[in-house]
Amino acid sequence: MSTVKYTRPQIKRMNTVATILSIAVPLLVAILMNPRMPKLTLPFDPYLLPPFYATINAVTALVLILAVYFIKQRKIDLHQRMIFIAMGLSAVFLISYVLYHSSTQPTSYGGEGAIRYVYYFLLISHIILSAVVVPFVLFTFIRGFTRQDARHRKIAKWTFPLWLYVAVTGVICYLMIAPYYG
């Protein structure tokens, strides 16, 4: 897709934007987790959003798997298309997630026994890694987009499993807490 040669200042600007987003996105999500934050009133039922963004996570996981499959087949164009789709899905996910958490109170998990520990392990690891993965995704994307292929491959080895784990555990956590939504 990208056949343009990027200059160092252009790449530096992209990296600056990625750094800002890597700080701003997790910070915004952390602020939204404060139950005392005033809540927005949406023109639709906000409880429609969790199944929507869980679906986005599931599709993102499939698209990431396809992206890896295509790059292993040396189908760079298809790999790039899958990554652009995954990035777009992640943006849609983030918007819907922010809308949901800015318009509702937190939902408590009601499961009991050992499953409760499983849920909280998955949830906590999902939350931590969802913050950790943001810069990985952004810098991996920039390195691929600007055709810094060796640097892209080096970081992508870490980004793919982290991003896939976050996408899959997002779906699992949704399925586990869905019965307890308001």
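**Notebook: aromatic rings, helices and cores**

I began with the aromatic residues and noted that Tyr47, Tyr53, Phe93, Tyr97, Tyr100, Tyr174 and Tyr181 form one aromatic cluster. I record here that the model is a predicted one.

**Entry 1. Aromatic pairs**

I searched the whole structure for aromatic pairs and found 17. I then examined the rings of Tyr47 and Tyr100, whose centres are 5.8 Å apart and whose planes stand at 80 degrees. An angle over 60 degrees counts as edge-to-face, so I entered the pair of Tyr47 and Tyr100 as edge-to-face. I located Tyr47 in the loop between α1 and α2 and Tyr100 in helix α3. The two residues are 53 residues apart, and their pair links distant parts of the chain.

Is Tyr100 buried or exposed? I looked up its relative accessibility, which is 2%, so Tyr100 counts as buried. Tyr47, by contrast, has a relative accessible area of 31% and is partly exposed.

I next checked Tyr100 against Tyr181: the ring centres are 5.9 Å apart and the planes are at 85 degrees, so this pair is edge-to-face. Tyr181 lies in the segment after α5, 81 residues from Tyr100, and this pair also links distant parts of the chain. I noted a relative accessibility of 23% for Tyr181, which counts as partly exposed.

**Entry 2. Helix α1**

I compared the expected and modelled spans of α1, residues 8-32. Its 25 residues, at 1.5 Å a residue, should span 36 Å, and the end C-alpha atoms are 36 Å apart, so the two values agree. I listed the buried residues of α1 as Ile11, Ala18, Ser22, Val25, Val29 and Leu32. An α-helix has 3.6 residues a turn, so residues three or four places apart point the same way. I found that the buried residues of α1 pack against α3 and α4.

**Entry 3. Helix α2**

I repeated the check on α2, residues 49-72. Its 24 residues should span 34 Å, and the end C-alpha atoms lie 35 Å apart, which agrees. Buried residues of α2 include Leu49, Pro50, Tyr53, Ile56, Asn57, Thr60, Val63, Leu64 and Phe70.

What covers the buried residues of α2? I found that the cover includes α3 (76-101) and α5 (149-177). I also noted that α2 is followed by Arg74, whose phi is positive, near 65 degrees.

**Entry 4. Crossing of α3 and α4**

I looked up how α3 and α4 meet: their axes come within 12 Å and cross at roughly 145 degrees. The crossing is left-handed. I recorded Ile83, Phe84 and Met87 as the residues of α3 that make the contact, with Val137, Leu138, Phe141 and Phe145 on the side of α4.

**Entry 5. Nonpolar cores**

In soluble globular proteins, nonpolar side chains tend to be buried together. I therefore looked for nonpolar cores, and the largest has 29 residues. Tyr53, Met87, Val133 and Trp163 have the most contacts inside this core. I noted that α1, α2, α3, α4 and α5 each supply at least two of its residues.

Which helix gives the largest share of this core? I found it to be α3, with 8 residues. I then took up Val133: leaving aside neighbours within four places in sequence, Val133 is in contact with Thr159, Leu162, Trp163 and Val166. Apart from the largest core lies another, of 6 residues, among them Tyr119, Leu122, Met176 and Ile177.

Conventions. Residues numbered from 1 in each chain as written. Predicted model: local features only at pLDDT ≥ 70, side-chain atom pairs only at ≥ 80, totals over all residues. Heavy atoms only, no water. Helix = DSSP H or I, 4+ residues; strand = E, 2+ residues; numbered from the N terminus. Expected span 1.5 Å × (residues − 1). Buried < 20%, exposed > 50% of the residue type's maximum accessible area, 1.4 Å probe, protein only. Contact = heavy atoms within 4.5 Å. Phe/Tyr/Trp six-rings, centres within 6.5 Å; stacked < 30°, edge-to-face > 60°. Core = buried A, V, L, I, M, F, W, Y, C linked by side-chain atoms within 4.5 Å. Axes fitted to C-alpha atoms, helices over the stretch in contact; angles between N-to-C directions. Left-handed = near helix turned anticlockwise from the far one by under 90°.
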